[in-house]
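Trainee: I should like to learn how to read a model of this kind in an orderly way. Where should one begin?

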Amino acid sequence: MNLAPLLAAPLAIQIHVVFALISLVLGGFVLWRRKGGALHRILGRVWVGAMLGVSFTGFFIHEIRSFGAFSPIHLFSVGVPIMMAMAIYFARTGQIEKHRRSMQGTYVGGMVIAGGFTFLPGRLNHEVLFGGNFPDIVSQSYAWIIPFVGAALGAIVLAVAERRRRMDKPVRR
């Protein structure tokens, strides 16, 4: 691991990475723990704020330019605030299942899948994680697997969270 490329990156990228790390860790924690209650609401609000921070700072990153200054990954920057607003609406109107699916989908889509693509060769996170010590032939050949491994891990997290949710429900007789 070599943090030098991250420390040399523009401030927008550094802030984006901080928000992303907070979102990744906190979102995973909230998905794993029991739902409802004051702690769930507090941590959920912090997570939503961090996700909005990731989304907002994403508009200032233009490393890949597919459509003018933007790339397909900027669709996440547009989609995350929409999904957060919908999820909050669902929670406030008592549509808890829709709230849960919206939050889980945003976590997997934004953190796991989109985040996984930042580890492809030529991207900053790939350079930070693998640096110059990782053989180029190996990184070029196998790095495409990283987003899929991330998606699989996300699916596992969601499966465990779903199992815990079912176990926390009272049994009706």
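Mentor: We shall proceed from the overall fold to the core, and then to the surface. Please bear in mind that this is a predicted model.

Trainee: How many helices and strands are there in the protein?

Mentor: One begins by listing the elements in chain order. Here the protein has eight helices and zero strands, so its elements, read from the N terminus, run α-α-α-α-α-α-α-α.

Trainee: What share of the contacts joins residues at least 24 apart?

Mentor: For this, one sets aside pairs that are close in sequence. Among contacts between residues at least 6 apart in sequence, 60% join residues at least 24 apart. As for burial, 34% of the 173 residues are buried.

Trainee: Which residues have the most contacts inside the largest nonpolar core?

Mentor: A core is read by its members and by the elements that supply them. The largest one here has 16 residues, and those with the most contacts inside it are Trp47, Met51, Met84, Met103 and Tyr107. Two or more residues each are given to this core by helix 2 (11-32), helix 3 (37-58), helix 4 (74-92) and helix 5 (96-117). Apart from this core lies another, of six residues, including Ala9, Ile13, Val17 and Val128.

Trainee: What does Tyr107 contact, beyond its neighbours within four places in sequence?

Mentor: Tyr107 is in contact with Ser23, Leu24, Gly27, Gly28, Leu31, Trp47 and Val112.

Trainee: Phe56 and Phe90 are both phenylalanines. Is Phe56 buried or exposed, and is Phe90 buried or exposed?

Mentor: One compares the relative accessible area with the cut-offs: under 20% is buried and over 50% is exposed. Phe56, in helix 3, counts as exposed because its relative accessible area is 53%. Phe90, in helix 4, counts as buried because its value is 13%.

Trainee: Which residues does Phe90 touch, not counting those up to four places away in sequence?

Mentor: Phe90 touches Gln95, Ile96, Lys98, His99 and Ser102. Ser102 lies 12 residues from Phe90 along the chain, and their C-alpha atoms are separated by 8.8 Å.

Trainee: Which residues make the nonpolar surface patch?

Mentor: Here one looks for nonpolar side chains that are grouped at the surface. Phe56, Phe59, Phe60, Val78, Ile82 and Met86 make a patch of about 570 Å². Helix 4 provides the largest share of this patch, three residues. For the protein as a whole, about 10,900 Å² is exposed, with carbon and sulfur atoms supplying 69% of it.

Technical notes
Residues are numbered from 1 along each chain as its sequence is written. This is a predicted model: local features need pLDDT of at least 70, side-chain atom pairs count only at pLDDT 80 or more; totals for chains, interfaces and linings use all residues. Side-chain values use heavy atoms; hydrogens and water are left out. A nonpolar core is a set of buried Ala, Val, Leu, Ile, Met, Phe, Trp, Tyr and Cys residues joined through side-chain atoms within 4.5 Å. Buried means under 20% relative accessible area, exposed over 50%, partly exposed in between (1.4 Å probe, protein chains only). Helices (H or I, at least four residues) and strands (E, at least two) are DSSP runs, numbered from the N terminus. Contact means heavy atoms within 4.5 Å. Accessible areas come from the Shrake-Rupley method with a 1.4 Å probe; for residues, only the protein chains shown count as cover. Patches are made of residues with over 30% relative accessible area and no salt bridge: like charges are joined within 9 Å, nonpolar side chains (Val, Leu, Ile, Met, Phe, Trp, Tyr) within 5 Å. A salt bridge is a side-chain nitrogen of Lys or Arg within 4 Å of a carboxyl oxygen of Asp or Glu.
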